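Trainee: I would like one close look at the charged side chains and how they pair up with one another. Please take me through them slowly, with each term explained as it comes.

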Amino acid sequence: MNDTLTRLAEVLEQRKQAAADSSYVASLHAKGLNKILEKVGEECTETLLAAKDCQQSGDKAELIYETADLWFHTLVMLSHLDLGPDDVLNELERRFDLSGLAEKAARAHK
């Protein structure tokens, strides 16, 4: 599973350096972080709406499609900030043996 994220992260890094008119990702990077964040927010909203529709209809295809868009744009955001999927996966791994309630309580005390 990580292989897909790794391959995608490599492509995103290559496109980060490309000319803005050569790829969608390059154009997002050229427009800057605010445009990338706008796309993440848009995709988040579309994912939420697809989840609501999925609950009503039972059709999961749109939810999967929109979640893929959200993940993609989130990876573009991370790339723009010189981060990648491994940074997030490492954080998830760190949390693996923590109780969710304990982890949340620890954040509240910071």
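Mentor: Let us begin with burial: a residue is called buried under 20% relative accessible area, exposed over 50% and partly exposed in between, using a 1.4 Å probe and the protein chains only. This is a predicted model, in which local features need pLDDT of at least 70 and side-chain atom pairs count only at pLDDT 80 or more, while totals for chains, interfaces and linings use all residues. Residues are numbered from 1 along each chain as its sequence is written, and side-chain values use heavy atoms, with hydrogens and water left out.

The protein chain has six helices and zero strands (helices are DSSP runs of H or I with at least four residues, strands runs of E with at least two, numbered from the N terminus). Of its 110 residues, 25% are buried. A search of the whole structure turns up eight salt bridges, each being a side-chain nitrogen of Lys or Arg within 4 Å of a carboxyl oxygen of Asp or Glu.

One of these salt bridges joins Lys35 to Glu38, whose closest N and O atoms are 3.0 Å apart. Both residues belong to helix H3, which covers residues 33-57, and they sit three residues apart, or about one turn of the helix. An α-helix has 3.6 residues a turn, so residues three or four places apart point the same way. Lys35 has a relative accessible area of 27%, so it counts as partly exposed, and Glu38 is partly exposed too, with 44%.

Further along H3, Glu43 forms a salt bridge with Lys39, with the closest N and O atoms 3.7 Å apart. These two are four residues apart in the helix, again about one helical turn. Here the setting is buried, because Glu43 has a relative accessible area of 4% and Lys39 has 13%.

This brings us to Glu66, a residue of helix H4 (residues 61-80). Glu66 is buried yet has no salt bridge, and the nearest side chain of opposite charge is that of Lys39, 8.5 Å away (Lys and Arg count as positive, Asp and Glu as negative, and His and the chain ends are not counted). Leaving aside residues up to four places away in sequence, Glu66 touches Glu43, Glu46, Thr47 and Ala50, where a contact means heavy atoms within 4.5 Å. Glu43 is thus a neighbour that Glu66 touches, while Glu43 itself has a salt bridge with Lys39.

A further group begins in helix H1, which spans residues 2-16 and holds Lys16 and Glu13 three residues apart, about one helical turn. Their side chains meet in a salt bridge at 3.6 Å, N to O. Lys16 is buried, since its relative accessible area is 17%, whereas Glu13, at 35%, is partly exposed.

Asp82 also belongs to this group, for Glu13, Lys16 and Asp82 are linked in a network of salt bridges. Asp82 is placed in the loop between H4 and helix H5 (85-95), and its relative accessibility of 63% makes it exposed. Its backbone deserves a glance as well: Asp82 has a positive phi of about 60° although it is not a glycine.
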